[in-house]
Amino acid sequence: MNKAAHRAIPMLESLSRAQHGGGGCVARVGAAVAVELPLHAAESERALRWLIHVRCPNMNPLRPDCLDGDYERGCELLAQSYTALFAEFAKRL
């Protein structure tokens, strides 16, 4: 499964931007967005129909939106990230 996902990265990036717009990141920190995959991708890659992007908080100063050690805010955003992930998943059941 992991190999198939890595092979599909260019298609997934293109679909994500087409369905959710934006030139940078698709999801904001603490949010999740679902991307519907085309049927031909679903049939060839173990019946995947949706990809859910989740952008979690970042503590790495070399990456965007670093929280600079604010672990309290990081925990809040991480809880929001999980809540958003499971809400998007539940919508697709």
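The confidence that the predictor assigns to each residue, on a scale from 0 to 100, is called pLDDT. The exercises below concern a predicted model.

**Exercise 1. Determine which helix has the lowest mean pLDDT and which the highest.**

*Solution.* Begin with the protein as a whole: its mean pLDDT is 80, and 75% of its residues reach 70 or more. Next, compare the elements. Helix α3, residues 39-44, has the lowest mean pLDDT, at 55. Helix α4, residues 71-91, has the highest, at 95. Where pLDDT is low, predicted coordinates should not be read in detail.

**Exercise 2. State how many helices and strands the protein has, and in what order the elements run.**

*Solution.* The protein contains four helices and two strands. Read from the N terminus, the order is α-α-β-α-β-α. Two further values describe the chain. Of its 93 residues, 27% are buried. Among contacts with a separation of 6 or more, 38% are between residues 24 or more positions apart.

**Exercise 3. Locate leucine 15, decide whether it is buried or exposed, and name its contacts outside its sequence neighbourhood.**

*Solution.* First, the position: leucine 15 belongs to helix α2, which spans residues 9-20. Second, the accessibility: the relative value for leucine 15 is 19%, and because buried means under 20%, this residue counts as buried. Third, the contacts: when neighbours within four places in sequence are set aside, leucine 15 touches Val35, Glu36, Leu37 and Pro38. As to one of these, glutamate 36, the C-alpha atoms of leucine 15 and glutamate 36 are 8.0 Å apart, although 21 residues separate the two in sequence.

**Exercise 4. Describe the salt bridge of glutamate 36 and explain which parts of the chain it ties together.**

*Solution.* The structure holds five salt bridges. Side chains of opposite charge can pair when their charged atoms come close. The partner of glutamate 36 is arginine 49, with the closest N and O atoms 3.5 Å apart. Glutamate 36 is in strand β1 (residues 32-36), while arginine 49 is in the loop between α3 and β2 (50-54), so the bridge ties together parts that are 13 residues apart in sequence. Both residues are partly exposed: glutamate 36 has a relative accessible area of 36%, and arginine 49 one of 45%.

**Exercise 5. Examine the salt bridge of aspartate 65 and that of glutamate 76, and state where the residues of each pair lie.**

*Solution.* Take aspartate 65 first. Its salt bridge is with arginine 55, and the closest N and O atoms are 2.3 Å apart. Aspartate 65 and arginine 55 each lie in the loop between β2 and α4, so the pair ties together parts ten residues apart in sequence. Aspartate 65 is partly exposed, at 45% relative accessibility.

Turn next to glutamate 76, whose side chain meets that of arginine 73 in a salt bridge of 3.1 Å, N to O. These two residues are in helix α4, and because they are three residues apart there, about one helical turn separates them. Glutamate 76 is partly exposed at 39%, as is arginine 73 at 33%.

**Exercise 6. Identify the network of salt bridges and the ring over which the charged end of arginine 92 sits.**

*Solution.* The network links Glu88, Lys91 and Arg92. The charged end of arginine 92 also sits over the ring of tryptophan 50, at 4.3 Å from the ring centre.

**Exercise 7. Find the aromatic pair and classify its geometry.**

*Solution.* A search of the whole structure yields one aromatic pair. Its members are tyrosine 82 and phenylalanine 86, whose ring centres are 6.4 Å apart; their planes stand at 15°, so the pair is stacked. Both residues lie in helix α4, four residues apart, which is about one turn of the helix. Tyrosine 82 is partly exposed, with a relative accessible area of 48%, whereas phenylalanine 86, at 51%, counts as exposed.

**Exercise 8. State how many disulfides are found, and give the exposure of cysteine 56 and cysteine 75.**

*Solution.* A disulfide is a covalent bond between the sulfur atoms of two cysteines. The rule applied here asks for a pair of cysteine sulfur atoms within 2.5 Å, and the count comes to zero disulfides. Cysteine 56 is partly exposed at 38% relative accessibility. Cysteine 75, at 54%, is exposed.

Definitions and conventions: Residues numbered from 1 in each chain as written. Heavy atoms only, no water. Buried < 20%, exposed > 50% of the residue type's maximum accessible area, 1.4 Å probe, protein only. Contact = heavy atoms within 4.5 Å. Phe/Tyr/Trp six-rings, centres within 6.5 Å; stacked < 30°, edge-to-face > 60°. Lys NZ or Arg CZ within 6 Å of the ring centre and 35° of its normal. Salt bridge = Lys/Arg side-chain N within 4 Å of Asp/Glu carboxyl O.
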